[in-house]
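Biologist: I would like a close look at a single part of this model, the way its helices pack against one another, followed by whatever helps a first-year student place that part in its surroundings. Please take it slowly and connect the pieces as you go.

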Amino acid sequence: MIERVKVPALLHVYIRQKMVIGLVQLDYAVIHRFGSENMLEAVDFIIKNANILTLDEKQTRAKSLAVQDGSIVGIWETTEPPQGEIRDADKVKVVDLQGQTLLPGFIDTHNHLLGYAHVRRYVPCGQPLVKTIPQLLQQLKDKAAEKQAGEWIVGFGYDDTGLEEQRHVTRDELDQAVPDHPVFIAHISGHLGVANSKALEEAGITEDVQDTEMGHYGRDENGRLNGALFEKDAMSRITQGQDQASPEQVMAQLAEASKEYLAQGITTNTEAAIGMLQDPAGELALYLKASANGTIPMRAQLMVMHTALEDDGPFAGYDAEKMDAYIQEKSNGRARLDSVKLFQDGSIQGYTGALREPYYSKPDTYGDLFHKQEVLNEKILDFHQRGYRIAIHGNGDRAIGSILEGYANALKKQPKARHQHRIEHVQTATLEDIEKLAELDVAGSFFINHVYYWGERHEKIFLGPDRAARLDPLKDAVDADMLFTLHSDCPVTPISPLFSVWAAVNRVTDEGRVLGPDQRIDVVTALKSMTIYGARLNFQEDMIGSIEVGKRADFAVLDRDPTAIDPMEIKDIQVTSTWIDGEKVYTK
Ligand SMILES: [Zn+2]
């Protein structure tokens, strides 16, 4: 049987296996020749009176569609399916969207659902709630008053350059405010934090501690530890020491966090990465259980920290195929391996992003590469040969260049078509870097929300006007014809695909100024980068990412059409319902 879609003068012809065999130019007279032999025999429900942005190749608009067994089986440009299209149409359930806009469900390709589940129970220390150090200390004091002496106090979201004092909180200030509890406050970037003396003591961090490649310890002018802990090796000493939530508590938090994701229209989500916080095997088991039992209803893509797949890691011997099979089996097919995750630098606002030219306000500071080039090359080649798609965090342009060198080296030794290795954040890529990404077929997942949240500070403090104006250079990515997506990096910024689309289209900062107007992109391209491009990035473009016959019925329904309103209002559009596999999983 041939399924069909009526779109203006076009007919997509599918065979049963859902493989496109042709895109045939036809008019309606020809379509009608198929007659009743093409009538849809069984349909679970119809959506009518919708403003459907299919985001297919032709940017087709439609007004009604039919779903069966969680898949789209018919799409029409009429407000309801024409007579004769569906057998016993009058008996089929109808959902009337009353003119609301229906899009493919959003695909967020880089955030930390698991991390977000954890930080939801921490003391909020970020803007706009906390603007000064005394306010921050008060937050911690209030929490301490609710707890027994000796219990951990953990805060999240503190941002030194967002504070009036423009500096880090010190160990001594934390000691004074909360003397009887170990205290640790994590920076909004996730790349550093500050501990008080009790926390340092419990974590076994003493004055003679040595810096490592992926961890260093802040010191005052006398060389004494000031409580600041930078990067994973230093911070994980604390996170392993603090009292942990029980698996039941984490599961409950995951359920709540997932609801927030669904409320933003997200139907496929990438966790970046398993093994970043605690023991990777434990984290993976929990995540897979949450996927299998529906606690996390979104389709899940899992990045796995490289350390879990190396040397003494719990999955040391696993190649990509075996790892993916394991993930799919344990999640009942709801989760899949996305990639192996590495880091090659830190964050710009933590001065740990590796730049080619120094930081604007610190002319001696360039930030450091996490791995020496030879070491990174070896790691990339190893994972490339084991069949992994690789995703490497690179904010600074020097890190981006180094990652590209590693990819080029591996691809030269073992060429591979459509490898889609990735660079994460890509914030300060030069035009040459972007062209190199395109040339090597490396995909970029851009942290566009930075333009709004840190754009002003990037211009005035971290990068200066020239580099700030080309922060997250999306127009260059479009012009270079490279595959790219947008992300929130939640909990670094709030989860909201429509906000990311808004940021990409407007590039407006929190002071209302346009930063780098040349790098703005159009609304449809921005929407595609959170839908069909994400599907392509996930190797799932045959299954999701656009509204087409044969694809899964994953939808986001919006109260307004993002292509038909003032672009500055896109972030205020409400998601009214979210659908996965034809099931409504969220209603406003
Ligand atoms: Zn991240």
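Modeller: What follows begins with the helix contacts and then moves on to the core, some loops and some unusual backbone angles. Please keep in mind throughout that this is a predicted model.

Let us start with helix H12, which covers residues 397–413. Helix H12 packs with helix H13, residues 431–440, at an angle of about 20°, and the two axes are 10 Å apart. Because angles under 35 degrees count as roughly parallel, H12 is described as roughly parallel to H13. The crossing in which H12 passes H13 is left-handed. On the H12 side the contact is made by Asp397, Ile400, Gly401, Leu404, Ala408 and Leu411, while H13 contributes Asp433, Lys436, Leu437 and Leu440. Sorted by class, this contact of H12 with H13 contains six nonpolar residues, one polar residue and three charged residues.

H12 also packs with helix H11, residues 373–385, and here the angle is about 45°, with the axes 9 Å apart. That angle makes H11 oblique to H12, and H11 passes H12 in a right-handed crossing. From H11, the residues that make the contact are Gln373, Leu376, Asn377, Ile380, Leu381 and His384, and from H12 they are Ser402, Ile403, Glu405, Gly406, Tyr407, Asn409, Ala410, Leu411 and Lys413. By class, the contact of H11 with H12 has seven nonpolar, six polar and two charged residues. It may help to find Leu411 on the structure, since Leu411 is listed in the contact of H12 with H13 and is listed again in the contact of H11 with H12.

Another pair to look at is formed by helix H8, residues 280–292, and H10, whose axes come within 8 Å and cross at roughly 50°. H8 and H10 are therefore oblique to each other. In this contact, Leu284, Leu288 and Ala292 of H8 meet Met323, Tyr326, Ile327 and Lys330 of H10. The residues of the contact of H8 with H10 divide into six nonpolar, no polar and one charged.

From these helix pairs we can turn to the interior. The largest nonpolar core has 130 residues, and of these Leu229 and Leu254 touch the most other members. Helix H18, residues 497–506, supplies the largest share of this core, namely seven residues. If neighbours within four places in sequence are left aside, Leu254 is in contact with Leu113, Leu114, Ala117, Leu286, Ala290, Thr295 and Ile296.

Two loop residues show how burial can be followed outside the helices. Leu55 is in the loop between strand S5 (51–53) and strand S6 (61–62), and Leu55 is buried, with a relative accessible area of 4%. Not counting residues up to four places away in sequence, Leu55 touches Thr60, Leu103, Pro104, Val524, Leu527, Lys528, Thr531, Ile532 and Ser546. Gly313 sits in the loop between helix H9 (306–309) and helix H10 (320–330), and Gly313 is also buried, at a relative accessible area of 14%. Leaving aside neighbours within four places in sequence, Gly313 is in contact with Thr307 and Ala308. Between Gly313 and Ala281, which are 32 residues apart in sequence, the distance from C-alpha to C-alpha is 8.8 Å.

Finally, there are backbone angles to check with care. Most residues other than glycine have a negative phi, and most peptide bonds are trans. Gln98, which is not a glycine, has a positive phi of about 50°, and Gln98 lies in the loop between strand S9 (93–96) and strand S10 (101–104). Gln98 is exposed, with a relative accessible area of 68%. Phi of Arg418 is positive too, near 45°, and Arg418 is found in the loop between H12 and strand S22 (422–425). Arg418 is partly exposed, with a relative accessible area of 36%. As for the peptide bonds, the one from Ala272 to Ala273 is cis, with omega near 25°, and Ala273 has its place in strand S18 (residues 266–274). A cis peptide bond also joins Cys490 and Pro491, with omega about 10°, and Pro491 lies in the loop between strand S24 (484–486) and H18.

Terms used:
Residues are numbered from 1 along each chain as its sequence is written. This is a predicted model: local features need pLDDT of at least 70, side-chain atom pairs count only at pLDDT 80 or more; totals for chains, interfaces and linings use all residues. Side-chain values use heavy atoms; hydrogens and water are left out. A nonpolar core is a set of buried Ala, Val, Leu, Ile, Met, Phe, Trp, Tyr and Cys residues joined through side-chain atoms within 4.5 Å. Buried means under 20% relative accessible area, exposed over 50%, partly exposed in between (1.4 Å probe, protein chains only). Helices (H or I, at least four residues) and strands (E, at least two) are DSSP runs, numbered from the N terminus. Contact means heavy atoms within 4.5 Å. Axes are lines fitted to C-alpha atoms, for helices over the stretch in contact, and angles run from 0 to 180 degrees between N-to-C directions. Angles under 35 degrees count as roughly parallel, over 145 as roughly antiparallel, 65 to 115 as roughly perpendicular and the rest as oblique. A crossing is left-handed if the near helix is turned anticlockwise from the far one by less than a right angle, and right-handed if clockwise. Ala, Val, Leu, Ile, Met, Phe, Trp, Tyr, Cys and Pro count as nonpolar, Asp, Glu, Lys and Arg as charged, and the others, Gly among them, as polar.
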